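Here is the note you asked for on this model, set out as numbered points. The overall description comes first, and individual residues follow.

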Amino acid sequence: MSRKKERRQKTILEQLSITPTMRVGRLAETLEVTTETIRRDLEELAGQGLIARTYGGAMLRQPMEPALSERHKELVEERAAIGRAAAPLLAGARVIMMGSGATTTQIARRIALEMNEVTVIAHSVSVAAALSVNPSIQVVMAPGVYHAGEGALHGAQTVRFLSDYSADWSVTGASAMSPLGPSDALIEAGDVYATMLRQSARHMVVADHSKFDRMATARYSDWGEIDVLVSDARPQGPLGRALQLAGVGVRLAVL
């Protein structure tokens with residue numbers, strides 16, 4: 001690779017880190033090159049897994065997430081606030097399916113404090129542990145292949161198990177959120193979340209602002225299937241417009 005191309009592609013990544021979703025024309029104008037040059041650069045960067053191509057542009061790919069034990073230490077106040085905002089929306093539910101993650105664990109803690117006589121179907125050890133402090137909550141644990149980094153069970157057995165149940169709500173996190181929908185870094189988790197959505201009457205996504213305008217490996221839904229997003233900030237730009245067009249309610253957490 002020539003130094004000129006290397007500098008240009010580095011600049012593209014820097015621009016996307018500031019404005020996570022950019023059009024080809026805007027990048028060409030900023031770098032003072034042709035749109036054909038930018039398209040070739042974007043194809044190369046996408047081939048390296050650094051960005052994701054979008055219609056007429058590109059966005060940054062979400063980097064691989066750290067293990068759940070590390071994520072529990074990050075954005076603690078934001079995730080706790082999301083938990084406080086999300087739990088009241090579940091009032092009246094008798095059966096809830098919950099995905100794994102640091103944010104869903106915070107919501108499980110709020111459910112344990114605020115709800116009684118509810119059944120929660122989970123595949124996450126930390127979610128089950130958070131719920132266990134309330135003896136009136138029945139926790140149904142899905143079987144499957146244990147993923148140590150995520151502290152959750154995945155695989156065909158998990159999906160088959162969930163397919164035998166129905167729920168009032170599904171509550172899932174996301175490694176990334178783009179205008180196309182929420183996605184997860186783990187393909188196996190994406191399969192589990194997609195199944196939870198199919199088996200639930202209403203669907204909630206919970207994620208902090210660091211997941212906005214990013215794309216991860218496994219998109220498990222489009223926004224038309226989601227009823228509400230609970231976050232610590234309101235999405236803007238293409239993501240915000242996609243949520244509005246899909247009729248997704250946005251509930252903001254108060255820090």
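**Notes on the predicted model**

1. The accessible surface of the protein chain in this predicted model comes to about 11900 Å², and 51% of that surface belongs to carbon and sulfur atoms. Of the 255 residues of the chain, 51% count as buried.

2. As to overall dimensions, the C-alpha atoms fill a box of roughly 65 × 35 × 30 Å along the principal axes. The radius of gyration is 19 Å, which agrees with the value near 18 Å that a compact globule of 255 residues would have.

3. The secondary structure of the chain comes to ten helices and 15 strands. Among the contacts with a separation of 6 or more, 63% are made by residues 24 or more positions apart.

4. Turning to charge, the chain carries 28 positive and 27 negative charges, and the mean positions of the two sets are 4 Å apart. Side chains of opposite charge can pair when their charged atoms come close. A search of the whole structure finds six salt bridges, and some of them are taken up in the points below.

5. Which parts of the chain does the salt bridge between K5 and E44 link? In this pair the closest N and O atoms are 3.0 Å apart, and the bridge links distant parts of the chain, since K5 belongs to helix α1 (residues 3–18) and E44 to helix α3 (residues 35–47), 39 residues apart. K5 is partly exposed, with a relative accessible area of 25%, and E44 likewise counts as partly exposed, at 31% relative accessibility.

6. Helix α3 also supplies E43, whose side chain meets that of R53 in a salt bridge with an N to O distance of 2.6 Å. Because E43 lies in helix α3 and R53 in strand β2 (residues 51–54), the pair ties together parts that are ten residues apart in sequence. E43 has a relative accessible area of 47% and is therefore partly exposed, while R53, at 28% relative accessibility, also counts as partly exposed.

7. A salt bridge within one helix is formed by E114 and R110, which both lie in helix α6 (residues 102–114), four residues apart or about one turn of the helix; the N to O distance of this bridge is 2.8 Å. E114 counts as partly exposed at 37% relative accessibility, and R110 is partly exposed with a relative accessible area of 24%. Elsewhere, salt bridges that share partners join R79, D208 and K211 into one network.

8. Helix α6 also contains Q106, and one may ask whether this residue is buried or exposed. Its relative accessible area is 13%, so Q106 is buried, the cut-off for that class being under 20%. Leaving out residues up to four places away in sequence, Q106 touches V76, R79, A80 and G83; of these, R79 belongs to the salt-bridge network with D208 and K211.

9. A174 deserves a separate entry. This residue lies in the loop between β9 (167–172) and β10 (176–178), and A174 is buried, with a relative accessible area of 7%. Apart from neighbours within four places in sequence, A174 is in contact with P182, S183, V205, V206, A207, K211 and Y220. For Y220, which is 46 residues away from A174 along the chain, the separation of the two C-alpha atoms is 9.2 Å. K211, another residue in contact with A174, is joined to R79 and D208 in the salt-bridge network.

10. The last entries concern backbone angles. Most residues other than glycine have a negative phi, and two residues are listed here for a positive value. E32, which is not a glycine, has a positive phi of about 60°; E32 is found in the loop between α2 (24–31) and α3, and with a relative accessible area of 73% this residue is exposed.

11. Where is D213 found, and is this residue buried or exposed? D213 is found in the loop between β12 (200–206) and β13 (218–219), and at 13% relative accessibility D213 counts as buried. Its phi is near 55°, a positive value in a residue other than glycine.

Methods:
Residues are numbered from 1 along each chain as its sequence is written. This is a predicted model: local features need pLDDT of at least 70, side-chain atom pairs count only at pLDDT 80 or more; totals for chains, interfaces and linings use all residues. Side-chain values use heavy atoms; hydrogens and water are left out. Helices (H or I, at least four residues) and strands (E, at least two) are DSSP runs, numbered from the N terminus. The radius of gyration is taken over C-alpha atoms; the globule rule is 2.2 Å times the number of residues to the power 0.38. Buried means under 20% relative accessible area, exposed over 50%, partly exposed in between (1.4 Å probe, protein chains only). Contact means heavy atoms within 4.5 Å. Accessible areas come from the Shrake-Rupley method with a 1.4 Å probe; for residues, only the protein chains shown count as cover. Lys and Arg count as positive and Asp and Glu as negative; His and the chain ends are not counted. The place of a charge is taken as NZ of Lys, CZ of Arg, CG of Asp or CD of Glu.
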